[in-house]
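Here is a note for a colleague who is opening this structure for the first time. The points below can be read with the model on screen.

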Amino acid sequence: MELASMIVNFGILVATVIAAVIALRSVNDARQARDEASAHERTALDAATRSASAAEVAVRHHGRTADTLEKQTALLESAATHREEWALEALTDPSIDQRWKATNKTGYDVMHVSIGTPDGFNEQWIKPDVEETADVPRGESIFFTFIRRLSSPTSRTIWVIWTPADGSAQKKFVKTIP
């Protein structure tokens, strides 16, 4: 029996060695799989980070594009709905000394308003009602006369020059009247 016991023990030993080898290989395979998974995880994390950075750049770019498009739209709307800052209206017949009204359509109060022509503010054909400048609230008017004689021109270019009530830069409106 001793021989049989030795064979059995030897068989158990061989089986144990085989099981240990298999266990070591499994541990080795598991470590290798874990390392590969960790490498894939780092690669995926790097790709996700790059993707997020690219998405941030795209968002900033689209934001700038949207801002630009909004500005262009506002400019187009402004151009499409352009209104004259001053409405010039003839009050009398052009047969002799035609009276005109210039109405403030700027949408704000203005000051230091003067009416003249490119030839100067004291030229002989256009005579403002006020010699000096005047303040004109929004919607209000200032008046002038276009002197009509046989020798007078058939039309004149009128300048309305004013300063916004907030004191910002002086502005000029130009229109030719018949």
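1. Strands here are DSSP runs of E with at least two residues, numbered from the N terminus. By that rule, histidine 112 belongs to strand 3, which covers residues 110-116. Please keep in mind that this is a predicted model.

2. Histidine 112 deserves a look at its backbone. Its phi is positive, about 55 degrees, although the residue is not a glycine. Is histidine 112 buried, partly exposed or exposed? It counts as partly exposed, because its relative accessibility is 39% and the partly exposed class lies between 20% and 50%.

3. Histidine 112 also appears among the contacts of threonine 163. The others are Val110, Met111, Ser168 and Gln170, leaving aside residues up to four places away in sequence. Threonine 163 sits in strand 7, residues 156-164. At 12% relative accessibility, threonine 163 counts as buried.

4. Strand 7 has a partner in strand 8, residues 171-177. The two are antiparallel and share seven bridges. Within this pairing, tryptophan 162 stands opposite lysine 171 of strand 8. The hairpin has six residues between the strands. There, glycine 167 takes a positive phi near 85 degrees.

5. Now the open sheet. Four strands make it up, in the order 1-2-6-4, with antiparallel pairing. Strand 1 (86-90) and strand 4 (126-128) are at the edges. Each has a single partner strand, so one side of each has no neighbour in the sheet. From one strand to the next, the twist averages 25 degrees.

6. Look at the strand 4 edge. Strand 4 runs antiparallel to strand 6 (residues 141-146), and three bridges join them. Which residue is the bridge partner of lysine 127 in strand 6? It is threonine 145.

7. On charges: side chains of opposite charge can pair when their charged atoms come close. How many salt bridges does the count give? The count comes to five. Three of them are taken up in the next points.

8. Glutamate 89 and lysine 101 form a salt bridge, with the closest N and O atoms 3.7 Å apart. Glutamate 89 is in strand 1 and lysine 101 in strand 2, 12 residues apart. Glutamate 89 counts as partly exposed at 40% relative accessibility. Lysine 101 is partly exposed as well, at 22%.

9. Aspartate 97 pairs with arginine 149, and here the closest N and O atoms are 2.5 Å apart. Aspartate 97 lies in the loop between strand 1 and strand 2, and arginine 149 in the loop between strand 6 and strand 7, so the pair ties together parts 52 residues apart in sequence. Arginine 149 is partly exposed, at 42% relative accessibility. Aspartate 97 is partly exposed too, at 29%. Its phi is positive, near 35 degrees, in a residue other than glycine.

10. Arginine 99 and aspartate 129 meet in a salt bridge at 2.8 Å, N to O. Arginine 99 is in strand 2; aspartate 129 is in the loop between strand 4 and strand 5 (134-136), 30 residues away. Arginine 99 is partly exposed at 29% relative accessibility, and aspartate 129 is partly exposed at 40%.

11. Last, a nonpolar surface patch. Phe10, Leu13, Val14, Val17, Ile18, Val21 and Ile22 form it, with about 630 Å² of accessible area together. Leucine 13 is in helix 1, residues 2-80. Leucine 13 is partly exposed, with a relative accessible area of 49%.

Note on methods: Residues numbered from 1 in each chain as written. Predicted model: local features only at pLDDT ≥ 70, side-chain atom pairs only at ≥ 80, totals over all residues. Heavy atoms only, no water. Patch = residues over 30% accessible without salt bridge, like charges linked within 9 Å, V, L, I, M, F, W, Y side chains within 5 Å. Areas by Shrake-Rupley, 256 points an atom, 1.4 Å probe, with all protein chains shown as cover. Salt bridge = Lys/Arg side-chain N within 4 Å of Asp/Glu carboxyl O. Buried < 20%, exposed > 50% of the residue type's maximum accessible area, 1.4 Å probe, protein only. Pairing = 2+ DSSP bridges. Axes fitted to C-alpha atoms, helices over the stretch in contact; angles between N-to-C directions. Contact = heavy atoms within 4.5 Å.
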